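User: Hello! I am new to this structure and would like to get to know it step by step. Could you walk me through it?

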Amino acid sequence: MKSIAEHVRDSWEKMGAKVSLDVFEIGDLNQNIIRPRKYDALFFGEILGRSPDLYPFWHSSQRNDPGLNVALYTNIKADRLLEKAKLAINTEDRQAKEEEAEKEILKDYPALFLYSPYFLYAIPKELRDVKIDIITVPSERFANVYEWYTETDRVWKFLANNK
């Protein structure tokens with residue numbers, strides 16, 4: 001994160017912006033910078049999970065602490081769509097309203113999303129039955145660890161479960 005922030009700083013300085021880069025420990029960052037909203041620009045990572053709820057990050061009511069709208073974003077149309085999505089009874093309606101809200105938010109460009117990390121995990125050849133689907137948090141790589149194995153007994157071919 002620090003090296004990426006330095007790269008962003010250098011790029012902005014090449015464009016003529018005066019940039020001061022301050023790096024904080026996570027506790028200090030949360031308590032003394034994010035909570036009181038003491039920043040001009042904020043560079044940090046966020047793990048959203050599989051089905052991110054846009055409301056806490058983009059609804060204007062969440063601009064102040066303890067809300068998560070650290071972009072201090074305000075848009076009445078986006079607020080209404082996020083409220084409707086939150087109240088939607090079925091998944092299809094919720095997703096449709098969230099997609100509308102997302103389009104509205106993207107029009108305003110309130111934040112710059114720099115990257116999403118690519119998780120690459122090396123698995124030993126002798127480890128069997130490892131199935132890794134989409135990973136949203138690193139611990140999910142162990143979701144089916146109970147199925148992994150390394151040793152097998154000899155079984156007649158007609159009794160084996162051929163995959």
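User: Let's start with a charged pair: with which residue does Glu 104 form a salt bridge, and how far apart are the closest N and O atoms?

Analyst: Happy to help! First, this is a predicted model, in which local features need pLDDT of at least 70, side-chain atom pairs count only at pLDDT 80 or more, and totals for chains, interfaces and linings use all residues. Residues are numbered from 1 along each chain as its sequence is written, and side-chain values use heavy atoms, leaving out hydrogens and water. A salt bridge here is a side-chain nitrogen of Lys or Arg within 4 Å of a carboxyl oxygen of Asp or Glu. For Glu 104 the partner is Lys 107, and the closest N and O atoms are 3.4 Å apart.

User: Where do Glu 104 and Lys 107 lie, and how many residues apart are they?

Analyst: Helices (H or I, at least four residues) and strands (E, at least two) are DSSP runs, numbered from the N terminus. Both Glu 104 and Lys 107 belong to helix 5, with a spacing of about one turn of the helix. That spacing is three residues.

User: Is Glu 104 buried or exposed? And is Lys 107 buried or exposed?

Analyst: The cut-offs settle this: buried means under 20% relative accessible area, exposed over 50%, and partly exposed in between (1.4 Å probe, protein chains only). Lys 107 has 61% relative accessibility, so Lys 107 counts as exposed. Glu 104 has 11%, so Glu 104 counts as buried.

User: Which residue forms a salt bridge with Glu 100?

Analyst: Its partner sits in helix 5 (residues 91-108) as well, three residues from Glu 100, or about one turn of the helix. Glu 100 is partly exposed because its relative accessibility is 38%, and the partner, at 25%, also counts as partly exposed. The closest N and O atoms of this pair are 3.5 Å apart, and the partner is Lys 97.

User: Which salt bridge pair links distant parts of the chain?

Analyst: One salt bridge has its closest N and O atoms 4.0 Å apart, between Lys 131 and Glu 147. Each of these two residues lies in the segment after helix 5, and they are 16 residues apart. Lys 131 is partly exposed because its relative accessible area is 45%, and Glu 147 is partly exposed because its relative accessibility is 29%. So the pair you are after is Lys 131 with Glu 147.

User: Which residues are joined into one network by salt bridges that share partners?

Analyst: The structure holds nine salt bridges. Those that share partners make one network of Lys 77, Glu 104 and Lys 107.

User: Now the helices: at roughly what angle do the axes of helix 4 and helix 5 cross?

Analyst: Two packed helices are described by the angle between their axes and the distance between the axes. Axes are lines fitted to C-alpha atoms, for helices over the stretch in contact, and angles run from 0 to 180 degrees between N-to-C directions. The axes of helix 4 (residues 76-87) and helix 5 come within 8 Å, and they cross at roughly 160°.

User: Are helix 4 and helix 5 roughly parallel or roughly antiparallel?

Analyst: Angles under 35 degrees count as roughly parallel, over 145 as roughly antiparallel, 65 to 115 as roughly perpendicular and the rest as oblique. With the crossing at roughly 160°, helix 4 and helix 5 are therefore roughly antiparallel.

User: How many nonpolar, polar and charged residues make the contact of helix 4 with helix 5?

Analyst: Contact means heavy atoms within 4.5 Å. Among the residues that meet are Leu 81 and Leu 82 in helix 4 and Ala 101 and Ile 105 in helix 5. Ala, Val, Leu, Ile, Met, Phe, Trp, Tyr, Cys and Pro count as nonpolar, Asp, Glu, Lys and Arg as charged, and the others, Gly among them, as polar. The contact divides into six nonpolar, no polar and seven charged.

User: How far apart in space are Thr 136 and Arg 50, C-alpha to C-alpha?

Analyst: Thr 136 lies in the segment after helix 5. Leaving aside neighbours within four places in sequence, Thr 136 is in contact with Ile 47, Gly 49 and Arg 50. Thr 136 and Arg 50 are 86 residues apart in sequence, and their C-alpha distance is 6.1 Å.

User: Which two residues are joined by a cis peptide bond?

Analyst: Most residues other than glycine have a negative phi, and most peptide bonds are trans. Here a cis bond has omega of about 10°, and it joins Asp 65 and Pro 66. Pro 66 lies in the loop between helix 3 (55-58) and helix 4, so the bond you asked about is the one between Asp 65 and Pro 66.
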